[in-house]
Amino acid sequence: VPMVAPGNVQVHVINSTLAKVHWDPVPLKTVRGHLQGYKVYYWKVQSLSRRSRRHVEKKILTFRGNKTFGMLPGLEPYSSYKLNVRVVNGKGEGPASPDKIFKTPEGVPSSPSFLKITNPTLDSLTLEWGSPTHPNGVLTSYTLKFQPINNTHELGPLVEIRIPANESSLILKNLNYSTRYKFYFNAQTSVGSGSQITEEAVTIMDE
């Protein structure tokens with residue numbers, strides 16, 4: 001098997017889900033056989049928004065021939081990763097380069113985990129929601145938009161409300177009685193807005 005590890009391993013983080021890694025080639029005489037390529041082992045150490053540690057699954061990408069760089073796609077935003085590089089010949093892999101740590105920046109969050117509308121009265125509705133399963137960063141706020149829908153399914157004027165990130169419920173007041181409303185709800189990080197969840201509910205006709 002090869003004798004030495006690739007040197008000067010560098011990681012360049014391109015965005016929240018993509019990084020580029022490059023390394024110096026090993027001297028050919030240390031390959032001790034036919035150079036097949038280089039393998040990059042990489043794994044997520046932890047999410048920076050949640051302190052949970054789980055079983056770490058190492059991923060491996062193989063770059064054929066004498067390439068000295070490669071792309072790592074499909075990374076999780078706002079996470080800490082480690083990687084190392086090994087050279088491969090027909091017999092197997094050489095030693096690993098020292099582990100390199102890199103961090104991905106924040107991304108936009110996934111949609112809120114649920115949106116539930118309860119307690120209808122003549123002029124109010126209560127909204128409850130769950131935070132995104134993948135915040136992909138630090139949540140800064142939620143945005144609620146809603147509009148009435150009339151009997152011919154035409155949409156009325158859209159109202160928009162910004163809600164602090166630490167809230168999980170809201171009572172909407174001053175609504176029209178016996179009216180159907182459509183709600184659009186999403187979460188934000190400093191990078192931008194995540195995908196929205198939609199729901200409909202009706203205020204009651206009479207007490």
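This passage walks through strand pairing, salt bridges and a few individual residues in a predicted model.

The structure is a predicted model, in which local features need pLDDT of at least 70, side-chain atom pairs count only at pLDDT 80 or more, and totals for chains, interfaces and linings use all residues. Residues are numbered from 1 along each chain as its sequence is written, and side-chain values use heavy atoms, with hydrogens and water left out.

A convenient place to begin is the N-terminal pair of strands. Strands (E, at least two residues) are DSSP runs numbered from the N terminus, as are helices (H or I, at least four residues). Strand E1 covers residues 7-15, and strand E2 covers residues 18-24. A hairpin of two residues connects E1 to E2. The two strands run antiparallel and are joined by six bridges; strands are taken to pair if DSSP finds at least two bridges between them. Within this pairing, Gln-10 has His-22 in E2 as its bridge partner. E2 also pairs with E5, again in the antiparallel sense, over four bridges. Here Val-21 stands opposite Gly-70 in E5. The two faces of E2 can be told apart: Ala-19, Val-21 and Trp-23 make up the covered face, while Leu-18, Lys-20, His-22 and Asp-24 make up the uncovered one. Val-21 thus belongs to the covered face, and His-22, the partner of Gln-10, belongs to the uncovered face.

Gly-7 lies in strand E1. Accessibility is described with three terms, namely buried (under 20% relative accessible area), exposed (over 50%) and partly exposed (in between), using a 1.4 Å probe and protein chains only. Gly-7 is partly exposed, because its relative accessibility is 32%. With neighbours within four places in sequence left aside, Gly-7 is in contact (heavy atoms within 4.5 Å) with Trp-23 and Asp-24. Of these two E2 residues, Trp-23 is on the covered face and Asp-24 on the uncovered face. Gly-7 also comes to 6.7 Å from Ser-97, C-alpha to C-alpha, although the two are 90 residues apart in sequence.

Attention now turns to charged side chains. Side chains of opposite charge can pair when their charged atoms come close. With a salt bridge defined as a side-chain nitrogen of Lys or Arg within 4 Å of a carboxyl oxygen of Asp or Glu, the count comes to five. One of them joins Lys-39 and Glu-93, at 3.0 Å from N to O. This pair links distant parts of the chain, with Lys-39 in strand E3 (residues 35-47) and Glu-93, 54 residues apart from it, in the loop between strand E6 (79-89) and strand E7 (100-103). Glu-93 also meets the side chain of Arg-86 in a salt bridge, at 3.8 Å from N to O. Lys-39, Arg-86 and Glu-93 are therefore linked in a network of salt bridges. Within this network, Glu-93 counts as partly exposed because its relative accessibility is 25%, while Arg-86 is buried because its relative accessible area is 18%.

A further salt bridge is formed by Glu-76 and Lys-44, whose closest N and O atoms are 2.5 Å apart. This pair, too, links distant parts of the chain: Glu-76 is in the loop between strand E5 (69-72) and E6, and Lys-44 is in strand E3, 32 residues apart. Glu-76 is partly exposed, with a relative accessible area of 33%, whereas Lys-44 is buried, at 15%. The loop between E5 and E6 also holds Tyr-78, which has a positive phi of about 55° although it is not a glycine.

A second non-glycine residue with a positive phi is Asn-119, at about 50°. Asn-119 is in the loop between strand E8 (112-118) and E9, and it counts as exposed because its relative accessibility is 53%. Leu-122 occupies the loop between E8 and E9 as well, but is partly exposed, at 28% relative accessible area. The C-alpha atoms of Leu-122 and Asn-176 are separated by 7.1 Å, with their positions 54 residues apart along the chain. Beyond this loop, Thr-126 lies in strand E9 (residues 125-132) and is buried, with a relative accessible area of 12%. Leaving aside neighbours within four places in sequence, Thr-126 is in contact with Lys-116, Ile-117, Thr-118, Asn-119, Leu-170 and Ile-171.
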